[in-house]
Amino acid sequence: MKHFTFRAVSLLLLFALCLSMFAGCSSTRTEAIMTVNGEDMQKDDFMVHLFFTKYNLFASNISEGTATLNDIIAMDPERLATVLVEGENGEQDTTMADYLHFMASQQALSAMLCRQLAKENKLKITSDDKTNLEATMDSLVSTFGGAKAYNAFLDESGVTEDALWRYFEDMLYMQKVQALFADGNKFALTTEEREKVQADYKEAFITTRHMLFFTTNTSTGTKLAEGDIELQREKANEALARLKNGESFDAVAADANYTEGMTFTTGQMVSAFETAAFALQIGEYSDVVETEYGFHIIIRDNLTNDQYASYYSSVVTEKFSEYLNEASEAAVVEILDAYDTIVIQ
């Protein structure tokens, strides 16, 4: 028996992609492949997460028509053998199959931990939850294109209806645990934490307006001719001169492409724009700043709360993730022999 350490991985994206797609009912389970805090994880549970890991990676190919659902149920062996990371110092290369195996394991562990944490916090699947899950089951067969295609999916993927049901129950448990971190609930941000969020927001974000003299064709994205670029440079310098002569920013911007207030933090704008913007004090305007889009003149305004709700939500989500990761690090995980029999296809 081998022992491994896993780290929890967020299930939010998979839940958002797949909740309306699958559910199931009880059926025969497969053999246990690992235990998590003494509770068995079955092979069919892993296979569900393997399928959704692949679906998450290649959903865009399906929507674009360059792949079918069958293409990810049983992937091409050559694609699975694709080397993603070359091994160093004698280590083996990491292939697509290795990556899928690892990520499915992480997702399956996270799901089981969410179920255990939900029980620890006395959270339950309600009758309404079960009704919703049963409703998704009603549309499952048509989603696959009929009973024959659905049964083929179960046969070819190693997934069972029982595992599908448990998968979506675990997603609901995850939502219920995360809800404990919302304002007013058990693990909500404390007063001190909320004050820190407000302080950090004021430190990290700024609000600006800017005028822009384009050096690209806004329809095609191609660069203007050199002579036209120089004309735009001259217009930007003339605008800057008008500002220095005392004209208001709004008045000068009326003769340019004008962008009203934008609230942002580092890493969200092109480098030259970001550097110039963060160097300004409130009420100050920049010199002419050149980017790939053209020539900008930026003015910094009082910070708005436009991005505060999103930032606050990200901090709450981070606190939930830390809670899940702490549970992951404390978990006793034992890998059973059947784990080595899993075939990635």
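This tour moves through a predicted model, from one helix and its neighbour to the nonpolar cores and two loop residues.

**Helix H9**

Begin by selecting residues 161-179, which form helix H9. Place a distance monitor between the C-alpha atoms at its two ends: they lie 27 Å apart, in agreement with the 27 Å that 19 residues should span at 1.5 Å a residue. Next, colour the helix by accessibility. Of its 19 residues, 16 are buried, and H9 is thus mostly covered.

**Asp170**

Within H9, select Asp170. Is this residue buried or exposed? Asp170 counts as buried because its relative accessibility is 6%, which falls under the 20% cut-off. Now display its surroundings, leaving aside neighbours within four places in sequence: Asp170 is in contact with Ala111, Met112, Cys114 and Arg115.

**The crossing with H14**

Add residues 308-330, helix H14, to the selection. The axes of H9 and H14 come within 10 Å of each other and cross at roughly 115°. The crossing is right-handed. To view the contact itself, show side chains for Met174, Val177 and Gln178 on H9, together with Thr317, Phe320 and Tyr323 on H14, where the two helices meet. By class, the residues of this contact comprise four nonpolar and two polar, with no charged residue. The spacing within a helix is relevant when viewing such a contact: an α-helix has 3.6 residues a turn, so residues three or four places apart point the same way.

**The nonpolar cores**

Turn next to the largest nonpolar core, which has 71 residues. Select Ile33, Met34, Val36, Phe46, Phe153, Leu164 and Ile344, the residues with the most contacts inside this core. Then highlight helix H5, residues 96-120, which supplies twelve residues, the largest share of the core. A second core, separate from the first, has 14 residues; Phe213, Ala239, Leu240 and Val252 are among them.

**Two loop residues with positive phi**

Most residues other than glycine have a negative phi. Two residues to inspect against that background are Asn37 and Lys122.

Select Asn37 in the loop between strand S2 (32-36) and strand S3 (39-42). Its phi is positive, about 55°, although the residue is not a glycine. Asn37 is partly exposed, since its relative accessible area is 42%.

Finally, select Lys122, in the loop that runs between H5 and helix H6 (127-138). Here phi is about 60°, again positive in a residue that is not a glycine. With a relative accessible area of 71%, Lys122 is exposed.

How values were computed: Residues numbered from 1 in each chain as written. Predicted model: local features only at pLDDT ≥ 70, side-chain atom pairs only at ≥ 80, totals over all residues. Heavy atoms only, no water. Helix = DSSP H or I, 4+ residues; strand = E, 2+ residues; numbered from the N terminus. Expected span 1.5 Å × (residues − 1). Buried < 20%, exposed > 50% of the residue type's maximum accessible area, 1.4 Å probe, protein only. Axes fitted to C-alpha atoms, helices over the stretch in contact; angles between N-to-C directions. Left-handed = near helix turned anticlockwise from the far one by under 90°. Contact = heavy atoms within 4.5 Å. Nonpolar A, V, L, I, M, F, W, Y, C, P; charged D, E, K, R; others polar. Core = buried A, V, L, I, M, F, W, Y, C linked by side-chain atoms within 4.5 Å.
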